[in-house]
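Here are some notes to read alongside the structure, written for someone meeting it for the first time. Please keep the sequence and the model open while going through the numbered points.

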Amino acid sequence: MRYLLDQRSYDEMLVRKSHPRDCYVRNQEYCHHLYIDGVKYTVARAVYACLKEAQAKNDVDALLHLQMHVTDLERLIGEARARGENVATLRMLGDPPPTEEEARPQLNNSFLPAQPTTPAETGLNRTFLTEQFLRILYNKGRATGMELAEAMGLFYRVIEQIIIDLRNVEQIDIVGQRGFGDINYEYVLTPRGQTAAQAAMEKVQYTGVCPVPLERWIESVKAQTVKNVKVTRRNIRDAFEGLVIDESILNMVGPAVNSGSSVMLFGYPGNGKTTIAERITYLMGDDIFIPYAVYADGAIIKMYDSVIHEPPRNPLPEDVEYDRRWVRISRPVVIVGGELTLEQLNLVYNPTSKVYEAPFQMKANCGIFLIDDFGRQQVRVFDLLNRWIVPLEKRYDFLNTVSGQKIQIPFDQLIMFSTNLDPKDLGDDALLRRIKFKIEIIDPTEEQWREIWKIMCRVRKVPYDDRSIDYLIAKWFRPEQRPFRMCQPRDILDQLIAIARYNMETPTLSPDLLDAACLSYFPSKEKKNFGAKVRLDL
């Protein structure tokens with residue numbers, strides 16, 4: 001805790017128009033904190049002023065809170081005097097201000113999968129490597145040793161002995177050469193090799209790079225864990241730059257990310273819950289490595305998904321050597337919505353290829369798994385939350401193969417539930433307690449809402465005018481007591497631009513265009529019966 005003792009800090013606190021919600025004892029009462037450059041301080045003179053006010057009101061809650069501050073402050077003053085310091089000349093007591101390194105910590109991922117140089121170092125047995133070689137050559141028809149090594153994600157010298165063995169048993173043959181050395185020999189399957197390849201294809205039809213053993217992937221997750229992420233009041237502002245958001249929300253989101261556990265974002269729709277989840281990845285530091293596929297006791301599980309996994313923000317230098325069975329990606333953000341089913345949270349087996357697709361939570365390891373519109377899935381909320389009891393508590397999950405075998409995998413991710421339903425309507429205490437952080441995303445203030453209008457007008461290249469926003473609020477918000485939402489400036493502006501294009505005129509914040517946009521954006525509050533019924537309780 002840091003205390004500011006001087007009158008100037010107290011005066012600065014008093015003149016500020018607004019303070020985050022965590023600067024108060026309760027709601028907007030008894031302000032006694034001040035943020036300076038992202039660092040929170042307790043203002044000593046404000047504490048005593050608030051204490052006097054609470055005593056006059058006999059406010060028990062406020063007295064409990066403020067008296068603890070007074071006790072801490074008097075202890076710090078006593079320690080300072082014991083050190084021989086003149087307290088009257090001090091501006092601050094308590095923890096020193098953070099250094100730049102402490103305020104903006106950098107997470108540098110040092111994990112680099114080592115390139116195997118022998119078949120044993122791949123972690124795969126010789127039989128699997130031989131069958132994978134045959135499957136790939138069967139699909140290619142004709143390929144050089146270099147092409148086959150690249151297709152397997154291995155050095156040529158790793159598969160060189162396999163090539164020699166296959167030639168000795170007359171399953172492959174050399175039919176040409178595209179350069180110097182053995183690496184450029186062209187190979188095809190012999191009739192005997194065709195039979196062996198077909199037998200290998202009957203086992204599994206996977207022809208990608210060789211998988212990585214499950215144990216090595218688990219080791220990589222531990223090395224790249226989200227638990228190493230460190231968020232401060234200062235670097236969270238960098239991640240949310242350009243986004244208008246209440247400071248108090250950031251003060252709850254930051255500790256949630258530091259915990260690396262589970263978060264529920266709840267509140268009215270349109271206030272940026274999904275955007276907050278996406279911005280959190282900016283705090284998660286360096287890119288990570290994941291295997292293209294994982295090998296678990298005979299089962300091949302495809303891990304890399306080009307739809308979900310995005311390229312790294314900071315690619316490695318070209319001269320860096322690593323195991324090419326791995327791919328470097330940005331920390332994953334896996335977002336699922338109302339389409340989520342329980343079946344998608346287990347291994348998805350393809351009976352034709354005999355290959356498994358990793359479930360969402362497996363692909364989200366070392367990143368974020370966001371369940372959007374929570375409570376509106378096709379599966380019952382109770383069943384879905386019940387599915388997460390073990391992973392949320394133990395930080396690991398179990399998956400089942402078609403043969404009935406259980407595979408234990410890490411559950412190392414920040415799992416986020418985003419909903420516009422009340423948390424108490426989603427589960428009982430036993431379930432909800434496993435979601436550690438429950439954060440309400442509140443409506444913006446009018447000042448924040450106007451700031452969003454300025455940003456969106458600048459982005460959409462529409463001239464901003466304060467008078468137009470005054471008109472909009474006076475006509476479309478105050479009479480209907482309509483709340484402000486974060487999404488409204490963007491949505492209304494896009495509606496306005498579409499109407500202006502139809503009218504063949506320049507988009508401006510004119511009353512005509514604003515009225516036309518709002519008329520088609522806001523539904524009438526008057527209830528109407530159009531002769532049809534819909535059930536919303538299904």
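1. Lys461 has a relative accessibility of 74%, and because a residue over 50% is called exposed, Lys461 counts as exposed. Lys461 sits in the loop that joins α17 (446-460) to α18 (466-477), and its phi is near 60°, a positive value in a residue other than glycine. Please bear in mind for this point, and for those that follow, that the model is predicted.

2. Glu170 can be read in a similar way, since Glu170 is not a glycine and yet has a positive phi of about 60°. Glu170 is placed in the loop between α7 and β6, just after the end of α7.

3. Helix α7 itself, residues 156-168, contains 13 residues, and the distance from its first C-alpha to its last is 18 Å, close to the 18 Å expected at 1.5 Å a residue. Which residues of α7 are buried? They are Tyr156, Val158, Ile159, Ile162, Ile163 and Leu166. Seen down the axis of α7, these buried residues fall within an arc of 135°, so they line one face of the helix. A general point helps here: an α-helix has 3.6 residues a turn, so residues three or four places apart point the same way. The partners against which the buried residues of α7 pack are α5 (126-140), α6 (145-152), β6 (172-177) and β7 (185-189).

4. Helix α2 (residues 44-57) can be examined with the same questions in mind. Its 14 residues should span 20 Å at 1.5 Å a residue, and its end C-alpha atoms are indeed 20 Å apart, which agrees. The buried residues of α2 are Ala44, Ala46, Val47, Cys50, Leu51 and Ala54. These buried residues cover an arc of only 145° around the axis, which puts them on the same side of α2. On the face of α2 turned away from that buried side, you will find the exposed residues Lys52 and Ala56. The elements covering the buried residues of α2 include β1 (2-4), α1 (7-15), β3 (39-43) and α3. After α2 comes Asn58, whose phi is positive, near 55°.

5. How do α2 and α3 meet, and at roughly what angle do their axes cross? The two axes come within 9 Å and cross at roughly 145°, and the crossing in which α2 passes α3 is left-handed. From α2, the residues taking part are Ala44, Val47, Tyr48, Cys50, Leu51, Ala54 and Gln55, and from α3 they are Ala62, Leu63, Leu66, Gln67, His69, Val70, Leu73 and Glu74. Sorted by class, this contact has 11 nonpolar, 3 polar and 1 charged residues.

6. Helix α3 has 23 residues and reaches 33 Å from its first C-alpha to its last, close to the 33 Å expected at 1.5 Å a residue. Its buried residues are Ala62, Leu66, His69, Val70, Leu73, Leu76, Ile77 and Ala80, and what covers them includes β1, β2 (33-36), β3, α2 and β4 (92-94). Glu79 is also found in α3 (residues 60-82), but with a relative accessible area of 35% Glu79 is partly exposed. Glu79 and Leu399 are 320 residues apart in sequence, and their C-alpha atoms are 56 Å apart in space.

7. Is His33, a residue of strand β2, buried or exposed? His33 has a relative accessibility of 3%, and because anything under 20% is called buried, His33 counts as buried. Leaving aside residues up to four places away in sequence, His33 touches Met13, His19, Asp22, Cys23, Lys40, Tyr41, Thr42, Val43 and His69. One of these contacts, His69, is among the buried residues of α3. By contrast, the C-alpha atoms of His33 and Val320, which are 287 residues apart along the chain, are separated by 49 Å.

8. Pro255 lies in helix α11 (residues 247-259), and at 37% relative accessibility it counts as partly exposed. Not counting residues up to four places away in sequence, Pro255 touches Leu250 and Phe437. The C-alpha atoms of Pro255 and Lys302 are separated by 33 Å, and these two residues are 47 residues apart along the chain.

Conventions:
Residues are numbered from 1 along each chain as its sequence is written. This is a predicted model: local features need pLDDT of at least 70, side-chain atom pairs count only at pLDDT 80 or more; totals for chains, interfaces and linings use all residues. Side-chain values use heavy atoms; hydrogens and water are left out. Helices (H or I, at least four residues) and strands (E, at least two) are DSSP runs, numbered from the N terminus. Buried means under 20% relative accessible area, exposed over 50%, partly exposed in between (1.4 Å probe, protein chains only). The expected span of a helix is 1.5 Å times one less than its number of residues. The arc is that of the directions from the helix axis to the C-beta atoms. Contact means heavy atoms within 4.5 Å. Axes are lines fitted to C-alpha atoms, for helices over the stretch in contact, and angles run from 0 to 180 degrees between N-to-C directions. A crossing is left-handed if the near helix is turned anticlockwise from the far one by less than a right angle, and right-handed if clockwise. Ala, Val, Leu, Ile, Met, Phe, Trp, Tyr, Cys and Pro count as nonpolar, Asp, Glu, Lys and Arg as charged, and the others, Gly among them, as polar.
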